[in-house]
Amino acid sequence: SYIDHLKELRNRLIISFVFLIFCFIFFFYNSSLVGEILSKPLFNLFEDSSERRMIFTGLPEVFVSNLKIALFSSFLISFPFFILQFFLFISPALYKKERIVFYPILILVPVLFFLGVFFAYFFLIPMIWSFFISFENFIDSSFPLQLESRYSEYMKLTMYLLFASGLSFQFPILIVVLTKLNILNENILRKNRKYFIVGILIFSALFTPPDIISQLGIAIPLIIFYEFSVLFIKFFISKK
């Protein structure tokens, strides 16, 4: 009955919310450790250990930033658990053929999301920080420029890039799902390739800082995902 489904949905939401709260409490009390991990892409660029520091200009700045760090970290860890609860809720209503399609998507969503996060942390963000730091020596030595990174701004930008990269790695799943719903097909994807590429470039420009390094760092994987999605649809979905 509808009442039973609503009760089941309520229970799943409560379980997910409780799990998120416990993760938030854990990461809030360990926010300094998470902050240290997030700051490594920047600090690894400094050879002098005395330069490995940040500043804050407001009394509540560090506390509020730690709250955001804890919320962001708890969301990352809880994301696979949310997917599991969603699957447990809808799985009884799926037919066997639908489950064959749904199972790989269920696994790929968190896997691709974390691949995007790791890609940003180990590859994209170090390149962006190196590009920005290069402007310290952009002007003549008679007018030196030195980086004094604010704790809140750095953490906000880092978490934003991690989330944007993880979200962008969901692009192939979106294409496959739209294809299964008969909204897209191989011919549409091939004939409108230039429009999709323009859309990818616009997405990269909107969800990254205003520099060419970060924009290309998001756009190039998306274009590669697009081409692989077209091949996947051609050899697996279309033939089937």
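**Exercise 1. Find how many salt bridges a search of the whole structure gives, then examine three of them.**

Step 1. The whole structure holds 6 salt bridges. A salt bridge is a side-chain nitrogen of Lys or Arg within 4 Å of a carboxyl oxygen of Asp or Glu. The model is predicted: local features need pLDDT of at least 70, side-chain atom pairs count only at pLDDT 80 or more, and totals for chains, interfaces and linings use all residues. Residues are numbered from 1 along each chain as its sequence is written, and side-chain values use heavy atoms, without hydrogens and water.

Step 2. Start with Glu8 and Arg12. Their closest N and O atoms are 2.8 Å apart. Both residues lie in helix 1, 4 residues apart, about one turn of the helix. Helices (H or I, at least four residues) and strands (E, at least two) are DSSP runs, numbered from the N terminus. Glu8 is partly exposed, because its relative accessible area is 27%. Buried means under 20% relative accessible area, exposed over 50%, and partly exposed in between (1.4 Å probe, protein chains only).

Step 3. Go on to Arg53 and Glu148. Their side chains meet in a salt bridge of 2.7 Å, N to O. Arg53 sits in the loop between helix 2 (31–43) and helix 3 (61–90), and Glu148 in the loop between helix 4 (96–133) and helix 5, so the pair ties together parts 95 residues apart in sequence. Arg53 has 44% relative accessibility, so it counts as partly exposed.

Step 4. Finish with Arg190 and Glu186. This salt bridge is 3.0 Å, N to O. Both partners belong to helix 7 (residues 186–191), 4 residues apart, about one turn of the helix. Arg190 is partly exposed at 32% relative accessibility, whereas Glu186 is buried at 16%. Salt bridges that share partners also join Glu61, Arg150 and Glu153 into one network.

**Exercise 2. Decide whether Ser16, Ser165 and Ser214 are buried or exposed, and list their contacts.**

Step 1. Ser16 is found in helix 1. Its relative accessibility is 11%, so Ser16 counts as buried. Leaving aside neighbours within four places in sequence, Ser16 is in contact (heavy atoms within 4.5 Å) with Phe81, Phe82 and Gln85.

Step 2. Ser165 is in helix 5 (residues 151–168). At 0% relative accessibility, Ser165 is buried. With neighbours within four places in sequence left aside, Ser165 touches Gly116, Val117, Phe119, Ala120 and Ile218.

Step 3. Ser214 belongs to helix 9 (residues 212–238). Ser214 is buried too, at 0% relative accessibility. Apart from neighbours within four places in sequence, its contacts are Leu124, Ile128, Thr208 and Pro209.

**Exercise 3. Describe helix 6 and what follows it.**

Step 1. Helix 6 covers residues 171–180. Its buried residues include Phe171, Pro172, Ile173, Ile175, Val176 and Thr179.

Step 2. Asn182 follows helix 6. The phi of Asn182 is positive, near 65°.

**Exercise 4. Set these details in the whole protein.**

Step 1. Count the elements. The protein has 9 helices and 0 strands.

Step 2. Take the extent. Along its principal axes, the C-alpha trace spans about 70 × 45 × 25 Å.

Step 3. Look at burial. Of the 240 residues, 35% are buried.

Step 4. Look at contacts. Among those with a separation of 6 or more, 80% join residues 24 or more positions apart.
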